[in-house]
Amino acid sequence: GPSGAGKSTIIENSSRDIGEYYFSISTTTREPREGEADGVDYYFVSRTEFEEGIKAGDFLEYATVHGNYYGTSLKPVNEALSQGKLVIFDIDVQGHRLVRAKMGSFVTSAFITPSSLAILKERLYARATDRDDIIKGRIESAKEEIKAIGEFDFVIINDTIERASSEFITIA
C-alpha cells in the first residue's frame, strides 16, 4: 500500500500473534528519519553501495521511490525460508510486482490502504517527517498505487489499527 497507509504499524501491532516469522528489513538510500535506526527500521546505505548491490544481484527486488532506492536483500530472505519461517515484507506496489514475478504463487499479498486519500493526507502530515513537497509526491504516488489493488490477494482497509491488524493476522 501507499506510504502512510499503516503497513509498519499493522505489522508491529500484529507481531505477537503471528508466531515465528522473519521481517524483511529493506535497504534504502534515503536519509534516516528521526528515531529510525540502521538495521532496525532500514539498512541505510549510500547510492553507490546500493548500485553495487544491484550489479552483484543481491536484491530480490528494488525500486526507485521519491528519488531514493529501496530494496530487499536476497540473502536473509533465503535463510529465513530455508528455516521454514514466514517472511513478511513491507514493500510498495513496485516491490510487490517484482517479488511476485520472482516467487510466483509462493507469495500471499495484502494491499493496505486507508479508507480515503483525505485520511492518507492527514496521516502523512500528522507524522511530520517529510517536507510538504515530499508529502504531495507521496499522495500522487498513492493515487497510482491504488490502481494496482487488483494485483493483490487481499485488501485491508486500515480504518482502525485493531481491525486491520486482526485481518492481517488472519492472512498471515
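Colleague: What share of the 172 residues in the protein chain is buried?
Modeller: Keep in mind that this is a predicted model. A residue goes into the buried group if its relative accessible area is under 20%. Of the 172 residues in the protein chain, the buried ones make up 38%.

Colleague: And how many helices and strands does the protein chain have?
Modeller: One of the helices is H1, which covers residues 7–18. Counting up the secondary structure of the protein chain gives seven helices and eight strands.

Colleague: What radius of gyration does the protein chain have, next to that of a compact globule?
Modeller: Along the principal axes, the C-alpha atoms fill a box of roughly 40 × 35 × 30 Å. For 172 residues, a compact globule would come out near 16 Å. The protein chain agrees with that, at 16 Å.

Colleague: How much of the accessible surface belongs to carbon and sulfur atoms?
Modeller: Take the accessible surface of the protein chain, which is about 9,500 Å². The part that belongs to carbon and sulfur atoms is 51%.

Colleague: Is serine 14 buried or exposed?
Modeller: Serine 14 sits in helix H1, and its contacts beyond four places in sequence are Ser165, Phe168 and Ile169. The cut-off for buried is under 20%. Serine 14 has 0% relative accessibility, so it counts as buried.

Colleague: Let's turn to the rings. How are phenylalanine 50 and phenylalanine 59 arranged as an aromatic pair?
Modeller: In general, you describe such a pair by the distance of the ring centres and the angle of the planes. The count of aromatic pairs here comes to eight. For phenylalanine 50 and phenylalanine 59, the centres are 4.4 Å apart with 15 degrees between the planes. Planes under 30 degrees apart count as stacked, so this pair is stacked.

Colleague: How many residues apart are phenylalanine 50 and tyrosine 69?
Modeller: Phenylalanine 50 and tyrosine 69 also form a stacked pair, 4.7 Å centre to centre and with 5 degrees between the planes. That pair links distant parts of the chain, with phenylalanine 50 in helix H2 (residues 47–56) and tyrosine 69 in strand E5 (residues 68–73). In sequence, the two are 19 residues apart.

Colleague: Why does tyrosine 69 count as buried?
Modeller: Its partner phenylalanine 50 is buried, with a relative accessible area of 1%. Buried means under 20%. Tyrosine 69 meets that cut-off because its relative accessibility is 12%.

Colleague: Which residues form the aromatic cluster?
Modeller: Phenylalanine 50 pairs with phenylalanine 59, and also with tyrosine 69. The one cluster consists of Phe50, Phe59, Tyr62 and Tyr69.

Terms used. Residues numbered from 1 in each chain as written. Predicted model: local features only at pLDDT ≥ 70, side-chain atom pairs only at ≥ 80, totals over all residues. Heavy atoms only, no water. Helix = DSSP H or I, 4+ residues; strand = E, 2+ residues; numbered from the N terminus. Buried < 20%, exposed > 50% of the residue type's maximum accessible area, 1.4 Å probe, protein only. Contact = heavy atoms within 4.5 Å. Rg over C-alpha atoms; globule rule 2.2 N^0.38 Å. Areas by Shrake-Rupley, 256 points an atom, 1.4 Å probe, with all protein chains shown as cover. Phe/Tyr/Trp six-rings, centres within 6.5 Å; stacked < 30°, edge-to-face > 60°.
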